[in-house]
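Opened the notebook for a new model today. I want to go through its fold, its cores, its cysteines, its cavities and its odd backbone spots, in that order.

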Amino acid sequence: MTGATATFTGCGKEPVESLVPMLIPPPHFSPGKSLQYATTCRECTAGCGLMVTTREGRAIKIEGNPLHPINKGKVCAIGQAALQGLYSPARIPGPLLRKGQTTKAVGWLKAIDLFVNKIKESQSDPNGRILFIGPPETGTMRKLIQNCLRSWGGGDYINFDLSPVHSYKKANLLAFGTGEIPQIDLSQVDTLVNFGSDFLETWLSPLKFSREYTDFHAHQGTKKGRFVQVSPYLSLTGVNADQWFSCSPGSEWIIACQVARQLSDKSLFLTDREKSKINKMLDALLQHVDFNNKQESQKSVNALVEEFKSKRCLCLAGGNSSADQHATLLHTAVNLINYITGEVNRSVAFGADVKAGGDSLKDIKSAFSALGRKKYSLVIINNVNPVFALPQLKDLASTLADGPFIVSLSTSADETSKLASLHLPTHHYLESWGDAKPMKHATNLQQPVMRPIPGYDTKELGDLLLQVSQLINPVGFEFKNFYEYLLSNWQSLHKQNKPASSFEAFWKNSLARGGVYRETSVKNVSLAASPFNTELIHPEKQPVGMSLLVVNSPFHHANGHTGDRYWLLEVPHPVSQVAWDSWVEINPETARKLGIVDNDLLKLTSSHGSVDVAVRLYHGVAPNTLVMPAGLGRIVSFPDYPERKGRLPLLDLFKTKKQVGLTTQTIGENALSLFSDRHDALSGDFIFSQSGIQIHKTGKKQILAIADGQDRFTVSDHGINQGNRKARGLYRTVHRDSEGNLEPEHVSHHSAHGSSKGFYQSIDKNVAKHKNSTVKTPPDFFTEYKWEMVIDLDRCTGCSACVIACYAENNIAVVGKTRVIQGREMSWLRIERFFEHNPKTDSVQTYLFPQMCAQCDNAGCEPVCPVSATYKTSDGLNAMIYARCVGSRYCSNNCIYSQRRFSWRDYEFPSPLHYQLNPDVSVRGKGLMEKCTFCFQRIRSKTLQAKKENRSLDESEVQTACQQTCPTNAIRFGNIKQANSEINKLKSDSLRSYTQFESMNFQPAITYLKKVIANDQ
């Protein structure tokens, strides 16, 4: 920044703020001290336990509950972004009444009176019933809603969730006579064959699966499992596979049935009677398969049968990419494979009664159809958005707008709540009491971690339902509030457990632990009489033409409730590297035939609708297949930052914060608007594939916000950019032989090939000469602490939970699409991704790894700073003094890792998002450099605490935000000067450990452990 620019920057007058002292603090309040509350995540139905950190009564950070059996202290990206739902700018400040096109604020007394009158009117209507639509509930709230509907005269309760789990339940019912979801354990198997399930992203319980996946797949001694993917699309889960067998959409069930048929003859776990029965059913089913499809899949089938020769091999299926008209058939075939290989009742254990998803699309459509027939006189919608999630139901929006009286209980405004006649905003779940039962042996407690946000006049859902019920029929609802109602239910649970302690002790212990967790007995199952009934014998034919798959991601779900959260929009998708937009992926060979190149704006058309979307070429898509992300297309309010383009260079420097307002914009496209309302005939699940998609080139380009650096390099003969980071030493791999032993790296550093006879000395000799000429014994600068990090590339799955954790912990600004395109994102940590052609499998190989400031001992940034704003601390950190920084950006120019960010302006945290800011970390203004600090504030807090207690700090007491949230424990952090520390042991792994750009001698504090690859892969 020049002197003139700095002068003009200082001329801007910021608004004056006042500090108001807290005259009467709440009980147990201690200024500057953080408190943690155990509660339950309600972002999906997995039921993970949370620990929410609060400061001065504000929730500022979400972590996982280490005592919870599902997530064991970890939390995903969507779970952490729950804070942005709590502090969403779209939250409704109080009750609203809509008449025609006008909306006005009303008081709670009038609003509740109107609500009660509408319920009484429905009671007097002989044809009137109440339809209650809300997210899936498994605990006390479900009981209260059902009791309310009975008391109010009867009604129907719909659990709205588009997760395709009913085909799995139906397949379990057909194969084993039980329609429950089993508990699946990946940690004990040797090989995993996955038919498209996104178990590392959104399927069932991704945090539990992530932990177990690394237990079986990460290198440990000589043990390392093998992961094979069979699917038409490589999602984030698929790119972590060791091998990919591509197939056309809808053909997975054919491959699974053929594999089961070949395995059954040689199975050691089947009786002769079972073997005969299975073979007879599979032969009858496969005779209806088109011969060409059978031939096409035979090569993959033979290779997959070989995979099952390992000691223990588990098979999975599920998720959006395989949720088509054959989903139940695929799940049934996978059940047979697991039964044939003996994994049923071992790694697939029934008896836990896992709860996932909501009602089927068939049931949801039935309710909406009855709504159109005037069956319901009152509709209550609680924090779900069916108008957005089901755009293919063309008449739904008009039916809701012109139909019966609608009461919305949603916390925030959305596409559905805007149609409501009466909007009664409820507390966010982080402000509310509740519980959940995600499985038989786990009952979670949900407690408010903070008081309702100041300025928002909302009510707790349970309190509102009880208050309304008491005004209609108080019998059975004699409770002051929902907290008492919850206590009465937990008193029953206390009696069931028969503990020695009193209920008060039981309740306090459950609150502290986040719930009650018990061991459960496994229920053994056997093969049903007829796994394939007559309905399954005549499968539909394969679709002709281009097929579109709509898939979930680590950030977005088809339900759409995360499509307006800034963190999830700003962080690039780990595989496509696209932010703030939708995109369509297509195989490069198919694109070449159609004359399509990257960033072409295409119009995708079906018989149900059309969307305009930019294209991304991707080798992880099967030919003649299109893939789009789900959950985008939401209307989002975002700060309207003034643009400098086409204006005087210094014009926006005079803009003050008051001149930056919120504007609404639609982010991306809702891919489901191209779909029909079809569902699986057997299970009722939504079908996430649509055939007959027409592609039209618009002749335009659309610039996507892409954080991918690989596009800069030249495309190879294989169509994959080969100017990759492996060649540059950023990402390295090591091979293992057939016995599991690691082989020494054969490629030496390029500096070793330099000739000492040249004009310049080799780098290592030059550095050694100057080092020896300075001092004979270099001084030990560091104190008893030297903080360093190890990142295990064999464990990292690229889920990006660490990136969201960094945003939340360090008050990192969200800059929006325009500035991401300009390369002005502020992220301190990013997930790098690059592709490589694998000649052994003749498919794309994807590499993912976290990249951040390396905290170099011999940092290039420090000596070039003209004001010493960046310096080395006594415990090895490369620190920043923001008050000194003048924004010269010399440090950024001299950082070989490109890990420093320059703040081009004062970015906003729209109210009430500013309540989430971490008070231990400064909020940076414009004109400053910023970067990763290894969570300096956490280190200092623990160091000072240890100093007060007159003891040394153990490395296990300090966790960086990225380390704490990582589901796979890929990130380790500790004190290198502690001789017996874990980080010392990891760094001493001579066959796997390396540092990036070693020849530059920057001496980074981050050591990477190479990804382990078998020689046949």
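**Entry 1, overall.** I began with contacts between residues at least 6 apart in sequence: 73% of these join residues at least 24 apart. Worth writing down right away: this is a predicted model. I then looked up the secondary structure and got 27 helices and 42 strands for the protein chain. On burial, 60% of the chain's 1017 residues count as buried.

**Entry 2, the cores.** Which residues touch the most other members of the largest nonpolar core? I got Trp-580, Met-789 and Phe-934, in a core of 109 residues. Helix α22, residues 801-809, gives the most to this core, with 6 residues. Apart from it I found another core, this one of 72 residues, with Cys-48, Phe-176, Val-189 and Ala-317 among them.

I pulled the neighbours of Trp-580, leaving out residues up to four places away in sequence. The list has Tyr-566, Leu-569, Glu-570, Phe-638 and Ile-667, and then Val-814, Gly-816, Lys-817 and Val-820.

**Entry 3, helix α22.** Is α22 mostly covered or mostly open? Mostly covered: 9 of its 9 residues are buried. I noted them down as Ala-801, Cys-802, Val-803, Ile-804, Ala-805, Cys-806, Tyr-807, Ala-808 and Glu-809. So the buried list includes a glutamate, Glu-809, as well as two cysteines, Cys-802 and Cys-806, by the rule that buried means under 20% relative accessible area. Just after the helix, Asn-811 takes a positive phi of about 55°.

**Entry 4, cysteines.** How many disulfides are there? The count comes to 0. Cys-802 has its nearest cysteine sulfur, that of Cys-799, 6.2 Å away, and is in no disulfide; the cut-off for a pair is 2.5 Å, so this one does not qualify. Cys-802 counts as buried, because its relative accessibility is 7%. I checked Cys-853 too: the nearest cysteine sulfur belongs to Cys-932, at 5.8 Å, and Cys-853 is in no disulfide either. Cys-853 comes out at 8% relative accessibility, so I put it down as buried.

**Entry 5, Ile-278.** I picked out this residue in helix α10, which runs over residues 272-286. Why does Ile-278 count as buried? Because its relative accessibility is 0%. Not counting residues up to four places away in sequence, Ile-278 touches Ser-264, Leu-270, Leu-336, Ile-340 and Leu-527. I looked at the Leu-527 contact again: Ile-278 and Leu-527 are 249 residues apart in sequence, yet 9.6 Å apart in space, C-alpha to C-alpha.

**Entry 6, cavities.** I get 16 cavities of 30 Å³ or more. The largest has a volume of about 140 Å³. Which residues are closest to its centre? Of the 16 that line it, those are Leu-204, Ser-205, Lys-208, Val-354 and Met-439.

I then asked where the lining comes from. Three elements each supply at least two residues: β8 (181-184), α7 (206-217) and β17 (434-439). Strand β8 gives the most, with 4 residues. By residue class, the lining divides into 11 nonpolar, 3 polar and 2 charged.

**Entry 7, backbone oddities.** A reminder to myself on what I'm screening for: most residues other than glycine have a negative phi, and most peptide bonds are trans. So I went looking for exceptions.

The peptide bond from Ser-911 to Pro-912 is cis, with omega near 5°. Where is Pro-912? I find Pro-912 in the loop between β37 (901-902) and β38 (929-930).

On to phi. Asn-383 has a positive value, near 55°, and is not a glycine. This residue is in the loop between β14 (376-381) and α14 (386-389). Asn-383 has a relative accessible area of 35%, so I logged it as partly exposed.

Asn-950 also isn't a glycine and has a positive phi of about 55°. Asn-950 lies in the loop between α25 (936-948) and α26 (961-965). Is Asn-950 buried or exposed? Exposed, because its relative accessible area is 72%.

Conventions. Residues numbered from 1 in each chain as written. Predicted model: local features only at pLDDT ≥ 70, side-chain atom pairs only at ≥ 80, totals over all residues. Heavy atoms only, no water. Core = buried A, V, L, I, M, F, W, Y, C linked by side-chain atoms within 4.5 Å. Buried < 20%, exposed > 50% of the residue type's maximum accessible area, 1.4 Å probe, protein only. Contact = heavy atoms within 4.5 Å. 1 Å grid on protein atoms, 1.4 Å probe; cavity = no way out; pocket = protein on both sides within 12 Å on 5 of 7 lines; lining within 4 Å. Points joined across faces, edges and corners; volume = space filled by probe spheres on them. Nonpolar A, V, L, I, M, F, W, Y, C, P; charged D, E, K, R; others polar.
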